[in-house]
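Welcome to this short tour! Please open the structure in your viewer and keep your selection tool ready.

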Amino acid sequence: MELVVALVVLGLLIGPALALVAEAVPDYGGGGHPFRACAHCGATEPLAVTFRSTARTSACPSCAQPCPRGRGAVTIATATAFGATGAVVGLRWPLLPLLVLAAALITLSADDLARYRLPERLVFPSFLVVA
């Protein structure tokens, strides 16, 4: 039971980061740095600036309009998947690869629901890690 609770807490901590990755990975600006475009003003901000600003205010740094996020749903899905995986598998060797697979699938699902595409920058690394 302690394992399941620990994995749910881990999922609650990792969920917002997965939502941020799903949000920022498909949109790339010049130089290979991830960017996120504001839905209101169209301004693009680097991922590091986006993380700092949305961690405090959940608003666009340029126009200060609230940014719609699916972070709550991604966080709850991550916590649920991590807890269920821990309950089924237990503390055995397949637990870590299955947690990585769950995190990758949740990130891909969040990005697919938002943009109707699966970016290669998420698919291929998750395939290599899990395979």
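## Stop one: α4 and α5

Begin by selecting Pro97, Val100, Leu101, Ala104, Thr107 and Leu108 in α4, then add Leu122, Val123, Ser126, Val129 and Val130 in α5: here the two helices meet. Sorted by class, this contact of α4 with α5 has nine nonpolar, two polar and no charged residues. Keep in mind that you are looking at a predicted model.

Now show the whole of α5, residues 120-130, beside α4: their axes come within 10 Å and cross at roughly 165°. Angles over 145 degrees count as roughly antiparallel, so α4 is roughly antiparallel to α5. The crossing of α4 past α5 is left-handed.

## Stop two: α1 and α4

Next, select helix α1 (residues 2-24) and helix α4 (residues 95-115), which pack at an angle of about 40° with axes 10 Å apart. Here α1 passes α4 in a right-handed crossing.

Which residues of α1 meet α4? Pick out Leu3, Leu7, Leu18, Val21, Ala22 and Glu23 on the α1 side. Their partners in α4 are Leu95, Leu99, Ala103, Thr107, Ala110, Asp111 and Arg115. By class, the contact of α1 with α4 has nine nonpolar, one polar and three charged residues.

## Stop three: Ala114

Finally, click on Ala114, which lies in helix α4. Is Ala114 buried or exposed? Its relative accessible area is 53%, and a residue counts as exposed over 50%, so Ala114 is exposed. Add Glu23 to the selection: the C-alpha atoms of Ala114 and Glu23 are separated by 8.1 Å, although these residues are 91 residues apart along the chain.

How values were computed:
Residues numbered from 1 in each chain as written. Predicted model: local features only at pLDDT ≥ 70, side-chain atom pairs only at ≥ 80, totals over all residues. Heavy atoms only, no water. Axes fitted to C-alpha atoms, helices over the stretch in contact; angles between N-to-C directions. Helix = DSSP H or I, 4+ residues; strand = E, 2+ residues; numbered from the N terminus. Left-handed = near helix turned anticlockwise from the far one by under 90°. Contact = heavy atoms within 4.5 Å. Nonpolar A, V, L, I, M, F, W, Y, C, P; charged D, E, K, R; others polar. Parallel < 35°, antiparallel > 145°, perpendicular 65-115°, else oblique. Buried < 20%, exposed > 50% of the residue type's maximum accessible area, 1.4 Å probe, protein only.
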